[in-house]
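Hi,

Here is the model I promised to send over. Have a look at it first, and then read my notes underneath.

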Amino acid sequence: MASHIVGYPRMGPKRELKFALESFWDGKSTAEDLEKVATDLRASIWKQMADAGIKYIPSNTFSYYDQVLDTTAMLGAVPERYSWTGGEIGFDTYFSMARGNATVPAMEMTKWFDTNYHFIVPELGPNTKFSYASHKAVNEYKEAKALGVDTVPVLVGPVSYLLLSKPAKGVEKGFPLLSLLSSILPVYKTLTSLSSVTAYGFDLVRGTQTLGLVTSAGFPAGKYLFAGVVDGRNIWADDLATSLSTLQSLEAVVGKDKLVVSTSCSLMHTAVDLVNETKLDSEIKSWLAFAAQKVVEVDALAKALAGQKDEAYFAANAAAQASRKSSPRVTNEEVQKAAAALKGSDHRRGTNVSARLDAQQKKLNLPILPTTTIGSFPQTVELRRVRREYKAKKISEEEYVTAIKEEINKVVKLQEELDIDVLVHGEPERNDMVEYFGEQLSGFAFTANGWVQSYGSRCVKPPIIYGDVSRPNPMTVFWSKTAQSMTSRPMKGMLTGPVTILNWSFVRNDQPRFETCYQIALAIKKEVEDLEAGGIQVIQIDEAALREGLPLRKAEHAFYLDWAVHSFRITNCEIQDTTQIHTHMCYSNFNDIIHSIIDMDADVITIENSRSDEKLLSVFREGVKYGAGIGPGVYDIHSPRIPSAEEIADRIDKMLAVLDTNILWVNPDCGLKTRKYTEVKPALTNMVSAAKLIRTQL
Ligand code: GLN
Ligand code: ZN
C-alpha cells in the first residue's frame, strides 16, 4: 500500500524563505544566499517525507513566489512590458512580474480557488509567444535525485493554466484562452512525454460525493486512485478510523495494489510543524496535526491498509478524537443559546442608507470626495519590537501603552499634515487583523509558528477556533478613544468582521461554519456598540475575506452568502443612524456577489481595485442605485511603486465617469502595513493632491 503527498509548505518551519526573499529584495543579500536557503528547505522536506516512508514524494512544489507564475516562466509567457529578451528566466524578470519594479507595475494577483493563497494571473493573447524558458521543474527533480530521492514532479496542468489566466491588455475580453492549448502543449511535451494518465488523485474531503461516485460507478481498470483522505486545508488531526473505512471501501473497488493514500490537496494551505508549538495547551495540541504530522498520518493509514497497523498510534488518535467531543472547554451554553436565538430575524438597521448618510453628514461635515485610508500604517522594526517585548513581558504594560500611544500620535499628526479627512489610528497594536481579535475572544487558540503562505513572502498565522466564541472584554475601545482624543477630525474605529475572522481562521469542523460565524458576529456586535458608546462616529468593519468563503459549488453560493451577509448585519443592526459603518473588501471578483455586498447595508464600502481593470467599477453602478458611499482603491499598495498625483487624478476621473461625485471616496486599495513610510508619505501626498485637484474641477 503506497502513500503520496500532493505538496508541502514552502516557507519553512520558521519562515526561512520569507526572510531570505525579503532580504534579497532589500538588496541585503545575494541571489546565491537566497538560493542556498531554498535548496536547504527543499532538501529537508524531501528527506522528511522519505524518512516517513512516503512513496510518491512531490518535487517542483517549491516556489520563490507562486506556482502559477512558475508556469508562466516555464512557458516563457512574459508580458511585453517586462522587456524580457529571451533565455532562461532569472530573478529579475520573475520578481518584476510578481512585484512590479521602478517603472512597471506587477501582474494581477488573485485568489487560488476558495483559499487565501494568491497566484499571479497569466496575461495571454493570440500574440503571446511560448517557449521553454524555465527549467525549474526538471532542475528540482534532478536536485532531489542527486540527494537520493526519486520524486514526482508537479506541474500546473495546461488546461488549468489557461483557465486561470486572463486576456492580456488590448486583447478582447471574450478571447478563448483555451484556444492557446495547442501553443503551450509543445512546451509541456518537452518536459513530459505526455503519455496517458496512469493515476487519478481525488480530494475526498471537499469532494463529499466522490466516495459515493467511485463506489457506485466504479473506476477505470488498471488505473491508480490516489485517495486524498487527509485534509490539507485544516489543522485537525485526521479521524483515522473514519479514513481507514473510507479507504477500505475504495480498495474494494480499485483493488489493493491500485489504491494510494494521499492528502486532499497540497499541504501548503496548512501550518508546517506542530513540533514547534511548545506553548500550546497539551489537550488542544492532541487534537491537531500540521503538515509534518499529516505526512505521518498518510503513512500510518497506508501501513494500516497493508496490514501493518500501528495500534498504539491509532489508539492515541481515537482517544484524542473522543476528548475533543467531550471537552468542557469546547462548549459554552450561554453562547449556544444566544446564537440559537438569532434565528428568524433579519437584523437590519431601521433607516435606509440615504437617510443615514444624510444624518451622518450633518455630524461629520466632510468635503466631497472625502479622503481616508484603510486602517494600518507602516509597521516599523521598532514597533514590532515593542509588541514582541510586551508579549514576552520584557517591558511593562505602562511602557507598552506609552509606546503605542506615541505611535498613534505620530500617525494622527501625519494624517492631519497630509490633510486626510477621516483618520485612522494606524493599528500599531495589531500584529494581524484576525489574530488580534482572536487573542481577545474565547474559543480561540494560537500557535507560535503556524504560518500559512498568503502571497509571495507574505504569510498569515490563522488562529484556531476550537470552541464556542465569546467576548469577555472590550477589545479596541481604549485605543480608538485614545486616538480620537488626539484629533478633532473623525477617527475610524477599526474592526475585523465576523466572516473574515471565520474565513481567516482554522475553523472547528464539529459544527456548521455558519454557527461559528454567528457566535463571532455577536461578539463583534458588542464591540461595535461599545465603540459607539465611547464616542466613535465612524466604524469600519473589514470583511476582506467575504468572497473567499464562497463555496466552489454554485449550488451552495446562496446559502453561504445569506449567512455571511447576515452575520455582518448582526454586528451593527442596533446602532444609531448617525454612526457611519464602513466596510472594506480586499481584491476579489465582485461581479457575481454585488447584490450580497449591497445587502450588507454598510454606509461606505471601500474595495481593493487598483490592480484590476475598470470593469470592476461598472459593477458598482449597481451599488449607485443603492446610494452607499464607495471607495475603490486609487492606488496599489502591494507594490513599492509611488503613483503620481496625475495618475491618481486620472483614476478618479475614470471612476467619476461611472460613479456619482457625492458617493465617491478616495483611498488606497488596502492597509499600508507592509509599506515603508518613504513610500506611504509621497503616495498619500499625491492621493490627497489628486482629490483636491478634482474637487476644484467639479
Ligand atoms: N484594516 C486593515 C488594514 O488596513 C484591512 C486589511 C485588509 O483588508 N487586508 O490593515
Ligand atoms: Zn484590503
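Helix 25 (residues 645-656) and helix 26 (residues 677-697) have axes that come within 8 Å of each other and cross at roughly 50°. Keep in mind that this is a predicted model. Angles from 35 up to 65 degrees, like those over 115 and up to 145, fall outside the parallel, antiparallel and perpendicular classes, so helix 25 and helix 26 count as oblique to each other. The crossing of helix 25 past helix 26 is right-handed.

Who touches whom there? On the helix 25 side you'll find Ala 645, Ile 648, Ala 649, Ile 652 and Asp 653. They meet Asn 686, Met 687, Ser 689, Ala 690, Ala 691, Leu 693 and Ile 694 of helix 26. Sorted by class, that contact has nine nonpolar residues, two polar and one charged.

Now for the sheets. One is an open sheet of five strands, ordered 15-16-17-18-19, with parallel pairing. At its edges sit strand 15 (492-496) and strand 19 (629-632), each of which pairs on one side only. From one strand to the next, the twist averages 20°. Inside this sheet, strand 16 (residues 538-542) runs parallel to strand 17 (residues 580-585), and three bridges join them. If you want a spot to zoom in on, Gln 540 stands opposite His 582 of strand 17.

Another open sheet has four strands in the order 1-10-9-8, again paired in parallel. Here the edge strands are strand 1 (2-3) and strand 8 (199-203), and each has pairing on one side only. Five bridges hold the parallel pair made by strand 9 (residues 224-230) and strand 10 (residues 259-263). In that pair, Leu 225 is opposite Leu 259 of strand 10. Helix 11 (residues 291-305) lies across strand 1, strand 9 and strand 10, and runs at about 160° to strand 10.

Last, the annotation. An unreviewed UniProt entry places the feature "domain: Cobalamin-independent methionine synthase MetE N-terminal" at residues 3-191 and 195-253. In the model, residues 3-191 are 41% helix and 9% strand, with the end C-alpha atoms 24 Å apart. Residues 195-253 are 37% helix and 20% strand, and their end C-alpha atoms lie 25 Å apart.

That's what I have for now. Shout if anything is unclear.

Cheers

Terms used
Residues are numbered from 1 along each chain as its sequence is written. Chains are lettered from A and ligands numbered from 1 in the order in which they are written. This is a predicted model: local features need pLDDT of at least 70, side-chain atom pairs count only at pLDDT 80 or more; totals for chains, interfaces and linings use all residues. Two strands pair if DSSP finds at least two bridges between them. Helices (H or I, at least four residues) and strands (E, at least two) are DSSP runs, numbered from the N terminus. Two residues are in contact if their C-beta atoms, placed from the backbone, lie within 7 Å. Axes are lines fitted to C-alpha atoms, for helices over the stretch in contact, and angles run from 0 to 180 degrees between N-to-C directions. A crossing is left-handed if the near helix is turned anticlockwise from the far one by less than a right angle, and right-handed if clockwise. Ala, Val, Leu, Ile, Met, Phe, Trp, Tyr, Cys and Pro count as nonpolar, Asp, Glu, Lys and Arg as charged, and the others, Gly among them, as polar. UniProt positions are given in the numbering used here, feature names are shortened, and annotations may be inferred rather than shown by experiment.
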